[in-house]
Every structure is written in C-alpha cells, then in structure tokens.
Amino acid sequence: MGEVKKLLGDSPVTVAPFESPLDDSFFRTRRVKKNDALFIGYAGRLVVEQKRVDRLEAFCRALTAQGVDFRLQITGDGPDKARLARQLAPFPVEFLGMLKREQVAGIFAGWDFQIVTSDYETGPLTALEGMACGVIPIFPAIDCQVSDVLRGKFDPLFYPVGNMQEAAARLRTAASLAPAAI
C-alpha cells in the first residue's frame, strides 16, 4: 500500500486496498451525493466485439424506463465511438475520450457505479481500478478476475450477460440499499 501512495503522491483521491474475497467493509462507505442523479461510468475500448458497447443504449433505455435519474460518463476510444454517440444522443451521456494515467483515479472516484457490458473478459482492469476507487461495479455473469473477487457475497451485482434490463434493475436496487447492505 505504501508503494501505491508513493506513486500517487499528494493525490486527493482515496485508494482503497482490497483483499479477495471482499468483505462488507469495501462497499460500506458511499460518497455523499451532491445531487440526486447517479453517476455511472463505462471505461474501455469502444467496440462491439467483446466489449458490446452497443448494449449501453439498451441500458440507458432501461434506466430511464425504471425512473432512474442518471448521468453516464464514457472513457475510452475505438472504432464504434461515432455509432455509439449517435445511439446515446437522447440520454445524459458525456464522452471523456482516452484518459491519461494520472486522470483515471480522479474520474473513477466521481462515479457511483461502473457498468461493464462485455461478453467475456480476463480482468477487466478498468473494473478493478474502479473498485480500488470505491466504485461499485454492475457486472455481467462471466468468469474473470472481477467475478472471482465479487462472487459469493456480492452476487446481487451480477446480471445475466446481455440482459441490460436486469443490469438496470441491479443498479437501481444497489443504489437504494443502505451502504452496509450492498
């Protein structure tokens, strides 16, 4: 942990070390919200293959239908960015582009939740980075490092792969729970 703090220097961002499997204390402290909208983040390559960014439109539609007040921030770049921007135009979405390494923790620390839409992953590193910044992942039920960390106590954060209606419902439920109950 000392090495991580040395790398961050005088960064105002709190970094939370975590063991696997996580215990309840990891999700116990939630940020005080400045407004009612939930800040949701997506981080990664903007491609349909593997990452399935095309599912973000269905996710936003489901959140809207369920009455969730949200803002979605998208970090990353890729060949499907222009199409994704057109699909998400009706929703409160901000494209941040590629982040510099020193920007990642600050952006992630502002998110309440991180949505992962992939069909398959090995990490994904962005979800682990988000969790280190206190972001709660809403995650497809796929086998990877993140599911290894969350499986068991945090199964309510998993949704069936591709079911964005259920992903929105999982996020809505997690947002309404007392911090220690997540």
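**Salt bridges and a helix crossing**

The structure holds 9 salt bridges. It is a predicted model. Three of the ion pairs are set out below, among them Asp80 with Arg83. A helix pair, H3 and H8, is covered as well.

**Helix H3 against helix H8**

- Two packed helices are described by the angle between their axes and the distance between the axes.
- Helix H3 spans residues 55–65, and helix H8 spans residues 164–176.
- Their axes come within 8 Å and cross at roughly 50 degrees. That angle makes H3 oblique to H8.
- The crossing of H3 and H8 is right-handed.
- On the H3 side, the contact residues are Arg55, Ala58, Phe59, Ala62 and Leu63. On the H8 side, they are Met164, Gln165, Ala167, Ala168 and Leu171.
- By class, this contact of H3 with H8 has 8 nonpolar, 1 polar and 1 charged residues.

**Salt bridge within H8**

- Side chains of opposite charge can pair when their charged atoms come close.
- Arg170 forms a salt bridge with Glu166. The closest N and O atoms of this pair are 2.7 Å apart.
- Arg170 and Glu166 are 4 residues apart in helix H8, so about one helical turn separates them.
- Arg170 is partly exposed, at 25% relative accessibility. Glu166 is also partly exposed, with a relative accessible area of 25%.

**A salt-bridge network**

- Arg52, Asp54, Arg55 and Asp119 are joined into one network by salt bridges that share partners.
- Arg55, a member of this network, is also one of the H3 residues that meet H8.

**Salt bridge Asp80–Arg83**

- Asp80 pairs with Arg83 in a salt bridge, with the closest N and O atoms 2.9 Å apart.
- Asp80 has a relative accessible area of 15%, so Asp80 is buried. The cut-off for buried is under 20%.
- Arg83 counts as partly exposed because its relative accessibility is 38%.

**Salt bridge Asp143–Arg151**

- Asp143 forms a salt bridge with Arg151. Here the closest N and O atoms are 3.8 Å apart, and the salt-bridge cut-off is within 4 Å.
- Asp143 counts as exposed, at 67% relative accessibility. The cut-off for exposed is over 50%.
- Arg151 counts as partly exposed, at 37% relative accessibility.

Methods: Residues numbered from 1 in each chain as written. Predicted model: local features only at pLDDT ≥ 70, side-chain atom pairs only at ≥ 80, totals over all residues. Heavy atoms only, no water. Axes fitted to C-alpha atoms, helices over the stretch in contact; angles between N-to-C directions. Helix = DSSP H or I, 4+ residues; strand = E, 2+ residues; numbered from the N terminus. Parallel < 35°, antiparallel > 145°, perpendicular 65-115°, else oblique. Left-handed = near helix turned anticlockwise from the far one by under 90°. Contact = heavy atoms within 4.5 Å. Nonpolar A, V, L, I, M, F, W, Y, C, P; charged D, E, K, R; others polar. Salt bridge = Lys/Arg side-chain N within 4 Å of Asp/Glu carboxyl O. Buried < 20%, exposed > 50% of the residue type's maximum accessible area, 1.4 Å probe, protein only.
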